[in-house]
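Visitor: I would like to go through this model element by element, with each answer argued from the coordinates. Could we begin once the structure is in view?

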Amino acid sequence: MAPYNDVAAFHDFLRRITTATNSNGTPRAPRILALCGAGLSAASGLATFRGSTAALWHTRDPMQLATPEAFAADPGLVWRFYAYRRHTALAVQPNAGHYALAALARNVPTGSFLCLTQNVDGLSPRANHPPESLRRLHGSLFDLRCVGFERKGAAHCDYSLQDDFTEPLCPALATAAEGVDETATATVAARSEPLAHIPVSELPQCPKCKSLLRPGVVWFGERLDRQMLKDIDKWVAADQVDLMLVIGTSAEVHPAASYIGEAREAGAVIATINLDAESREGLQNLDPGDFAFGGSAADLLPVLLEPVIGKLES
Ligand code: BJW
């Protein structure tokens, strides 16, 4: 058996699944699932959450800010963090990894490729990834919704807004990106000075009910969009999955990470593309026939997917 990091063997496998035929000789569409994480956007200059390229924001752990509890305790602080993230995401460009996945979606029959991204940075849509093959599991930095969205009864408010790229969202958040080097992952360097408190009255407000708006992302303990999860489950259950690409994710967060096991149960060969993929830990969960490519997703994806997408224009 070829070694796990044999690019030629991966190319052969990819050609085999994309040119397969049914027993009656008709073409059989491949079934490819991808799970992407922050590592996909690292080469664009965005920090990851965990691992060696992870970063702190004003000495705070992003994981302590990405919670409903943090927002309830200090919405101004959490909004500052997201204003900074919006600003940084808009200041960088999609990389060759985003473009390669978008090209894969365009070069296989409709419905053959489903790309699940945990990233909220909007770089896959900006690389023109066809929306019908992309599921944004954890929402988007550029979606907003009323805090009343989660409430029941009279306090419920259904206001939400997609793709709002306004900068700054309100005057109080104008300084959130101050002192930021817009191109490097090191930007969120620890800065220990206290941040000025922003009162709720100065934060983005719901135009419908005047409550607070919040970022349209999924925080810990929050439910992912139910319909989206149902659709993904339906896609996975529909037939054998040939290939699961696990790209730039620590695969620590569920339910996203659970799709790796589900794809394996549906017959998929797993191909991991991650800086750490060939470390001892990275190779631990490899089954015979799986692939693991250690390196940057931006460098590896265009090469690995070449049999289907051709050479990416640079
Ligand atoms: C490179 C690279 C390069 C670097 N090239 N690679 C089952 C078991 C245990 C726990 C749970 C479970 N089910 C649910 C839970 C609880 C919880 C959870 O998973 N906890 C775990 C941490 C233990 N899950 C939840 O709470 C979820 N909700 C839920 O399950 O609700 C259930 C419910 C039901 C009914 C009612 C109510 C609720 C929600 C999870 C939401 C996650 N949200 C965040 C924040 C989003 C907003 C924001 O961005 O601020 O999503 S957390 C954060 O982690 C973010 C990411 O999308 C996510 C994943 O991180 P990711 O992308 O993998 O990044 P990193 O940094 O971890 O990894 C980067 C990788 O890239 C590394 O491996 C590097 O090596 C690599 N890399 N450079 C390639 N150039």
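Visitor: In what order do the three strands of the open sheet lie, and is the pairing parallel or antiparallel?
Guide: This is a predicted model, and what follows should be read in that light. The sheet is an open one built from three strands with antiparallel pairing, and their order is 5-4-6.

Visitor: Which strands stand at the edges of that sheet, and why is one side of each left without a neighbour?
Guide: A strand at an edge here has a single partner strand, so one of its sides is left without a neighbour in the sheet. The strands to which this applies are strand 5 (160-161) and strand 6 (213-217).

Visitor: How many bridges join strand 4 to strand 6, and which residue stands opposite Leu144?
Guide: Strand 4, which covers residues 139-146, runs antiparallel to strand 6, and the two are joined by four bridges. Within strand 6, the residue opposite Leu144 is Pro215.

Visitor: Which helix lies across strand 4 and strand 6, and at about what angle to strand 4 does it run?
Guide: The element lying across both strands is helix 5, made of residues 75-91. Relative to strand 4, helix 5 runs at about 140°.

Visitor: How many residues of strand 1 are buried, and which of them lie on each side?
Guide: Strand 1, residues 32-36, is mostly covered, with five of its five residues buried. Both of its faces are covered, since the buried residues are Ile32, Ala34 and Cys36 on one side, and on the other Leu33 and Leu35.

Visitor: With which strands does strand 1 pair in the parallel sense, and what stands opposite Cys36 in each?
Guide: Strand 1 pairs in the parallel sense with strand 2 (residues 113-117) over five bridges, and five bridges also join strand 1 in parallel to strand 7 (residues 243-247). Cys36 stands opposite Thr117 in strand 2, and in strand 7 the residue opposite Cys36 is Ile247.

Visitor: Which way do the residues of strand 2 point, and are they buried or exposed?
Guide: Phe113, Cys115 and Thr117 point one way from strand 2, while Leu114 and Leu116 point the other way. For the residues of both groups, the state is buried.

Visitor: What are the bridge partners of Cys115 in strand 1 and strand 3?
Guide: Strand 2 pairs with strand 3 (residues 134-136) in the parallel sense over three bridges. In strand 1, Cys115 has Ala34 opposite, and in strand 3 its bridge partner is Leu134.

Visitor: Into which domains is the protein divided, and how many residues does each give to the contact?
Guide: The division is into domain 1 (1-46 + 94-138 + 224-314) and domain 2 (47-91 + 140-217). Their centres, taken over C-alpha atoms, are separated by 29 Å. The contact takes 13 residues from domain 1, and from domain 2 it takes 15 residues.

Visitor: Where does the ligand lie with respect to the two domains, and which residues are closest?
Guide: Domain 1 and domain 2 both give residues to the shell around the ligand, so the ligand lies between them. By class, that shell has 15 nonpolar, 14 polar and five charged residues. Of the 34 residues that surround the ligand, the closest are Gly37, Gly39, Gln118, Ser250 and His254.

Key. Residues numbered from 1 in each chain as written. Predicted model: local features only at pLDDT ≥ 70, side-chain atom pairs only at ≥ 80, totals over all residues. Near = placed C-beta within 6 Å. Nonpolar A, V, L, I, M, F, W, Y, C, P; charged D, E, K, R; others polar. Domains from an automatic or database assignment. Contact = placed C-beta atoms within 7 Å. Pairing = 2+ DSSP bridges. Axes fitted to C-alpha atoms, helices over the stretch in contact; angles between N-to-C directions. Buried ≥ 20, exposed ≤ 12 C-beta atoms within 10 Å, placed from the backbone.
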